[in-house]
Amino acid sequence: MSMQEDIRRIREEAAQALADAGSLNDLAQWRVAVLGKKGSLTGLLRGMGQVDPALRPQVGQWINAAREELEGQLARREDALKREARAHQLMEETIDVTEPRPLPRVGTQHPNTMVLDQVLDCFIGLGFEVVEGPQVELDHYNFELLNIPKNHPARDAQDTFYVDDNVVLRTHTSPVQARVMLSRKPPIRIVCPGRVFRADEVDATHSPVFHQIEGLVIDRDITMGDLKGTLDAFAHRLYGADIQTRFRPSFFPFTEPSAEVDLTCFNCRGTGCRVCKGTGWIEVLGSGMVNPKVLEMCGIDPTVYSGFAFGIGLERITMLRYGIPDMRLLFEGDERFLRQFR
Ligand code: PHE
């Protein structure tokens, strides 16, 4: 067999093997088998000794040409295989963004939060500013500045968690009002939402932790008529335009005169039902004209300024709003309950 034919055969076989190679690994093996030290094409060079010296340059050229040709083919095949692999990988990793899948479970706002937002919205609309204060509070702000002196029987009205002689868990958000009166000049128009604490037994209408929204307005010529107008606006906004307010005389150390405020029962609209125990009214908040003594202790001249204050129990109005029969439901965090407010 002539050298020329050997070259042609090896070249054809190698080209065929290259075409058959299905992976980059196959190509690496092919390179060793054909172009490597002991490869078939390299073997031809070693056989040059037997070739007629006159023909050697010619044969050398053929072998080199074959080598160049095969190297070129190898490079092209390698390119093609890499492209294929990449295309395959892209196919495999394709994400179908249109495929329907179950929605992630989303939480829901707590009913207290929803009602709080509505109440604050209402007062912000009336020109009030929202102010917050500390939950662990000095006795001085929680009681003394509000006309509830140490060792006075008025303290009995609120079962207080004492941290020490001078520090309490605030029993209402009124201390925020005292702080604001001390640090600002009238006119003052604020609402103070927040968590409050009382050493009460847990039952359907009591919890040692609950929330209040207290309001305070101080300016020249503020009267009880302003208080009533403000609370009317609040009642209409939250429960509807037909809801009325009813004031009953009451007592709080920090207001004089003081009033408990009832709203028309939102359930029967005043005709009497189970919710209002047949009266047509529901007790919703405490209020009154700020006691001049409180104004004075907080650095505001009671001969120039007057004001009103009110305190709303958030849980109470949330329960009324949604017909929730037991306050504990608002604190237990039971998903089956909370889901219903989505
Ligand atoms: N701070 C009172 C309470 O928690 C509520 C209240 C506020 C009453 C303002 C009158 C005026 O009981």
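## Close-up views of a predicted model

**View A. Helices H1 and H2 are roughly antiparallel to each other.** This view, like those that follow, is drawn from a predicted model. H1 covers residues 3-20 and H2 covers residues 24-35. Their axes come within 10 Å and cross at roughly 170 degrees; since an angle over 145 degrees counts as roughly antiparallel, this crossing therefore earns the pair that description. Look for Ala14, Ala17 and Leu18 on the H1 side of the contact, facing Leu27, Trp30 and Val34 of H2. Sorted by class, the contact between H1 and H2 holds six nonpolar residues, with no polar and no charged ones.

**View B. Helix H2 also meets helix H4, and the axes of H2 and H4 cross at roughly 170 degrees.** The axes come within 10 Å, and the crossing angle makes H2 roughly antiparallel to H4. From H2, the contact takes in Leu24, Leu27, Trp30, Arg31, Val34 and Leu35. From H4, the residues to find are Arg67, Leu70, Glu71, Leu74, Arg77, Glu78, Leu81 and Lys82. By class, this contact counts eight nonpolar residues, six charged residues and no polar ones. Readers coming from the previous view will recognise Leu27, Trp30 and Val34, which belong to the contact of H2 with H1 and to the contact of H2 with H4.

**View C. A salt bridge links Arg67 and Glu71.** The closest N and O atoms of the two residues are 3.6 Å apart. Why do Arg67 and Glu71 lie about one helical turn apart? They are four residues apart in helix H4, which spans residues 56-92. Arg67 and Glu71 are also among the H4 residues that touch H2. In the whole structure, a search finds 19 salt bridges.

**View D. Three strands form an open sheet in the order S2-S4-S3.** The pairing in this sheet is antiparallel. Strand S2 (136-138) and strand S3 (162-164) are the edge strands, each pairing on one side only. On average, neighbouring strands here are turned by 35 degrees against each other, with direction ignored. Three bridges hold the antiparallel pair of S2 and strand S4 (residues 167-169). To pick out one of the partners, start at Val136, whose bridge partner in S4 is Leu169.

**View E. Asn147 has a positive phi, near 70 degrees.** Asn147 is a residue other than glycine. Its place in the chain is the loop between helix H6 (139-142) and strand S3. S3 is the edge strand at residues 162-164 that appears in the previous view.

**View F. Seven strands form a second open sheet to explore, ordered S1-S5-S6-S10-S9-S8-S7.** The pairing in this sheet is mixed. Its edges are strand S1 (129-130) and strand S7 (245-252), each of which pairs on one side only. S7 and strand S8 (residues 255-264) run antiparallel and are joined by seven bridges. A hairpin of two residues leads from S7 to S8. For a landmark along this pair, find Arg248, which has Glu260 in S8 as its bridge partner.

**View G. Cis peptide bonds join Pro186 to Pro187 and Glu256 to Pro257.** Between Pro186 and Pro187, omega is about 0 degrees. Pro187 sits in the loop between helix H7 (174-183) and strand S5 (188-197). Between Glu256 and Pro257, omega is about -5 degrees. Where is Pro257 found? Pro257 lies in strand S8, a strand of the hairpin shown in the previous view.

**View H. The domain assignment divides the protein chain into domain 1 (3-93) and domain 2 (111-338).** Taken over C-alpha atoms, the centres of domain 1 and domain 2 are separated by 92 Å.

Conventions. Residues are numbered from 1 along each chain as its sequence is written. This is a predicted model: local features need pLDDT of at least 70, side-chain atom pairs count only at pLDDT 80 or more; totals for chains, interfaces and linings use all residues. Side-chain values use heavy atoms; hydrogens and water are left out. Domain bounds come from an automatic or database domain assignment. Axes are lines fitted to C-alpha atoms, for helices over the stretch in contact, and angles run from 0 to 180 degrees between N-to-C directions. Angles under 35 degrees count as roughly parallel, over 145 as roughly antiparallel, 65 to 115 as roughly perpendicular and the rest as oblique. Contact means heavy atoms within 4.5 Å. Ala, Val, Leu, Ile, Met, Phe, Trp, Tyr, Cys and Pro count as nonpolar, Asp, Glu, Lys and Arg as charged, and the others, Gly among them, as polar. Two strands pair if DSSP finds at least two bridges between them. A salt bridge is a side-chain nitrogen of Lys or Arg within 4 Å of a carboxyl oxygen of Asp or Glu.
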